[in-house]
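Good morning, and thank you for making time on the agenda. I should like to take you through one structure, beginning with a helix and proceeding to cores and sheets.

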Amino acid sequence: MINCIAIDDEPLALRQMVSYINKTPFLNLIGEFDSALAALDFIKNNDLCLMFLDINMPDMNGIDFVRTLKIAPKVIFTTAYSEYAVDGFKVDAIDYLLKPISYADFLKAAEKARERIHGINSESNLLKSNDQYLFIKSDYKIFRINLAEIKYIEAQREYLNIYIENQKPVLTLMSMKKMEKFLPSEQFMRIHRSYIVNLDKINVIERFRIIFDDSVYIPVGEKYKAEFQKFLDDNFLL
């Protein structure tokens, strides 16, 4: 997790930034402030990796504030004024977000920060695999995941969420294409551009939707229906 703070003198803008941070799995919000000066002592006394910082604030310009810090965390600037972009990058800002900020733009900038801070390379996140388990990196931890316990895998942009029986999902930076290479094809099938399912875990199918529980309905994409139908014809009495 990346410990971060948000600083903005506009209440609505600050609330939006806090909302975006809280919905991003690899970010951990540890403080929110309505001015740079209010955040100064907190930055000096806490383990902080990243700040989302507004440039135009009444007490001190955000760029000038970063220059005052002897040891500054990584910064992503937010502002309504595009003319500050060049000055922002002079203080080694990771990114510069122009208001109004969409979540897609926010997430793209956050991912750049994650790569810069952790040096994450998706090619190294799967450490080892065989026909029984995978070793997967997720943030600072390494998880051993038994293949037999995986229910399904869901793609979320550049990330995969691995859903496991009786455990919390494991989020890792990896492509579906790469993950497919390490999963036994007789046990796992890609049934949608965003989903791989463990065939051994399928109990209920309704109109080309796989039902894992009352709240999870996974559709079979048009591109994958023929292969999935063949699996059904070969394995089920219909």
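What follows is a short account of selected elements in this model, which is a predicted one.

Let us begin with helix 1, which spans residues 11-22 and comprises 12 residues. From first C-alpha to last, helix 1 reaches 16 Å, close to the 16 Å expected at 1.5 Å a residue. Which residues of helix 1 are buried? They are Ala-13, Leu-14, Met-17, Val-18, Tyr-20 and Ile-21. Because these residues cover an arc of only 160° around the axis, they lie on the same side of helix 1. On the other side, Pro-11, Leu-12, Arg-15 and Asn-22 are exposed.

Against what do the buried residues of helix 1 pack? Their partners are four strands, namely strand 1 (2-7), strand 2 (27-33), strand 3 (50-54) and strand 4 (74-79), together with helix 5 (103-118).

That brings me to the nonpolar cores. The largest has 24 residues, and those with the most contacts inside it are Ile-21, Leu-27, Leu-50, Phe-52, Ile-76 and Phe-106. At least two residues of this core come from each of strand 1, helix 1, strand 3, helix 5 and strand 11. A second, separate core contains 20 residues, including Phe-33, Ala-36, Leu-48 and Tyr-96.

Ile-76 merits a closer look. With its neighbours within four places in sequence left aside, Ile-76 is in contact with Leu-50, Met-51, Phe-52 and Leu-53, among others. Its contacts also include Ile-94, Asp-95 and Leu-97, as well as Ala-109, Ala-110 and Ala-113.

I turn now to the sheets. One is an open sheet of 5 strands, in the order 11-10-9-13-12, with antiparallel pairing. Its edge strands are strand 11 (170-173) and strand 12 (188-192), each of which pairs on one side only. On average, neighbouring strands of this sheet are turned by 20° against each other, direction ignored. Within it, strand 9 (residues 150-156) and strand 10 (residues 159-164) run antiparallel and are joined by 6 bridges. Glu-154 stands opposite Asn-161 in strand 10.

Another open sheet has 3 strands in the order 14-15-16, again with antiparallel pairing. Here strand 14 (204-205) and strand 16 (216-219) are the edge strands, each pairing on one side only. How many bridges pair strand 15 with strand 16? There are 4, linking strand 15 (residues 209-213) to strand 16 in the antiparallel sense. Ile-210 stands opposite Ile-218 in strand 16.

That concludes my presentation; I welcome your comments.

How values were computed. Residues numbered from 1 in each chain as written. Predicted model: local features only at pLDDT ≥ 70, side-chain atom pairs only at ≥ 80, totals over all residues. Heavy atoms only, no water. Expected span 1.5 Å × (residues − 1). Buried < 20%, exposed > 50% of the residue type's maximum accessible area, 1.4 Å probe, protein only. Arc of directions from axis to C-beta. Contact = heavy atoms within 4.5 Å. Pairing = 2+ DSSP bridges. Axes fitted to C-alpha atoms, helices over the stretch in contact; angles between N-to-C directions. Core = buried A, V, L, I, M, F, W, Y, C linked by side-chain atoms within 4.5 Å.
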